[in-house]
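Thank you all for coming; please take a moment to look at the sequence and the model before I begin.

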Number of protein chains: 2
Amino acid sequence: MPELRQNMATREWVIIATERARRPEEFAEVSRVRTHTRPQRVEKCPFCPGNEHMTPAATLAIEDGEGWGVRVFNNLYSALGDGPVSERVMEGLHRHMSGVGRHEVVVESPRHNTTTALMSVQEVARFLRAFQVRTEEASRDERVLLTICFKNHGAAAGASLEHPHGQILCLPVVPLQLRSRAHDAMTYFDEHGSCVFCDMWRQEIADGVRVVVEGKHSVSFVPFAAFSPFHIWIVPKRHAALFVQTRPDELEDIASVLRTTLAKLYWGLGDPDYNWMIRAAPNHHGTSRSYHWYLSVVPRVSKMAGFELGAGMFINSALPEQSARFLREVQVPDVVPST
Amino acid sequence: MPELRQNMATREWVIIATERARRPEEFAEVSRVRTHTRPQRVEKCPFCPGNEHMTPAATLAIEDGEGWGVRVFNNLYSALGDGPVSERVMEGLHRHMSGVGRHEVVVESPRHNTTTALMSVQEVARFLRAFQVRTEEASRDERVLLTICFKNHGAAAGASLEHPHGQILCLPVVPLQLRSRAHDAMTYFDEHGSCVFCDMWRQEIADGVRVVVEGKHSVSFVPFAAFSPFHIWIVPKRHAALFVQTRPDELEDIASVLRTTLAKLYWGLGDPDYNWMIRAAPNHHGTSRSYHWYLSVVPRVSKMAGFELGAGMFINSALPEQSARFLREVQVPDVVPST
């Protein structure tokens, strides 16, 4: 019998279709392991060192001894434009406003043939710090209500360039989904006097069966109501509504948990395409005691079809406990094979 | 400058990224036109006539003179199981219930090499009627709170079999997204004394610029805040919360509008993969004066990436008015070329 599960933080139901579940091994395509087999530098790649003239000037560069280690700049194909704070305009039933905001690219490494799974913890912490610095800068921009830090890895995840990079999009609106989640988190706080995300990571560690990697300051787990196979949350243990409120020592721990988690996907499933997204509160909810930032990882191993689009609800063909056990057992090599 | 638009029925914001917009022609891959070039019957296709033994017994068959014209049966790989009404169980922070419900397949035609775009209006009305009959039957099942009728056309839309078919999934829960939409529609009714969807189709017809096809009882248009290129809504003009409340004459009109709309996608964009979904109220909101059923068509010509997953909000790289004008101008042949 399939099971329906509800994520108490997002209030979303998911169908765990155990009857047509695939075993974790069936998602693996180890032959696909590919990132580390690429050349270290690609002549025409706009994100490789030496090609900086192909992109806008850096808004942040973190040095690495011989050059930049991380480089941030405005997206050439920005989804949002520059300009004054926009008014919302109503014309009949149509509400609109100008698309002002920020859209930056974070090149995570000078090396074309690396990815988070293959980096050192210090390299990962460094690019996460770049996301934090730029998010902090954006929070002083009165036009920005919410910043989304995210990464697309591989074509199925929407990446158009191979070189490891993420993006920062700073919005002048709060999306409906976040309004709904913030409201439900407040309702939970009202009922229990605690943050639902704080309660959730504690329960996940107590249960143990869905944990992937536990660090001192953060933990990664497959949520009880994961919406797709190997869907993972990385939650900082200390309550913080905003990503920028996380301290350097906590960030280094998160970098380590993220790196090991993604390495388990890389070596266990064969470098699958994935997205990660930081889900933080809107800036003006920065002191919220009920909303808690976390990082969500979504390997793109299943497709969104009509049911998901029509119900806003997912069918997961993998049992979260099985996905987590599989990942816990994946051995991550210390040294990446050079090619 | 990009623009942000809000859909007043769903309250969802979308970024219309005009700066990186593609022209409608750029989405077209006319060389891909494919469905009508397939054989009329495929030996191993479980949905072709003569292979009925490969699927469960019919729950509904509509005759066509020489055999069935539409055939409905339980999905062999059902996402939901049979069984008694399930209780919701709380264990710590985890709410779950057994996955009871219904999951049926609607084979829309005996012909393997057809699709809605190539059918007669009568054929389309016949399979829509089958969806209606089975949805009506499901509404008498006390376990079912909401029925989702949907179609996956092509691999990118999640279809695993070519033969034209849709699915019916009957849920024992109301998804969060629908709860939120129903609430917002009630708020609108409270403020205006009218249904936001009724007001919307009237404004779309008055504006004209986003209309694709107008029928006597229904209209298809690209919503003002369409979330992806060529995203289309087909809205019945008479207020009805549930799909099953639509009368036969109205259904025939909707069949005609759906067929012409999909034919414009088929001939204009080269048989793109798409989903359609019927978005109706939960059964127990059947008398709602604020929620209104409609059919949403989503051609899968763009990818969901980290931003969309992290914000629950979309970037549309096509201007809705341009998409609609392009589709209005597509000529639909009366007779499908035989191959």
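I will talk about the interface of the two chains, and then about one pair of helices.

This is a predicted model, in which local features need pLDDT of at least 70, side-chain atom pairs count only at pLDDT 80 or more, and totals for chains, interfaces and linings use all residues. Residues are numbered from 1 along each chain as its sequence is written, chains are lettered from A and ligands numbered from 1 in the order in which they are written, and side-chain values use heavy atoms, with hydrogens and water left out.

Chain A and chain B each give 76 residues to their contact, where contact means heavy atoms within 4.5 Å. On the side of chain A that touches chain B, 39 residues are nonpolar (Ala, Val, Leu, Ile, Met, Phe, Trp, Tyr, Cys and Pro), 18 are charged (Asp, Glu, Lys and Arg) and 19 are polar (the others, Gly among them). Between the chains there are 2 salt bridges, a salt bridge being a side-chain nitrogen of Lys or Arg within 4 Å of a carboxyl oxygen of Asp or Glu. R179(B) and D184(A) meet in a salt bridge through their side chains, at 3.6 Å from N to O.

Now to the helices (DSSP runs of H or I, at least four residues, numbered from the N terminus). In chain A, helix α4 (residues 248-269) packs against helix α6 (residues 320-329) at an angle of about 90°, with the axes 9 Å apart, the axes being lines fitted to C-alpha atoms over the stretch in contact and angles running from 0 to 180 degrees between N-to-C directions.

Methods:
Helix = DSSP H or I, 4+ residues; strand = E, 2+ residues; numbered from the N terminus.
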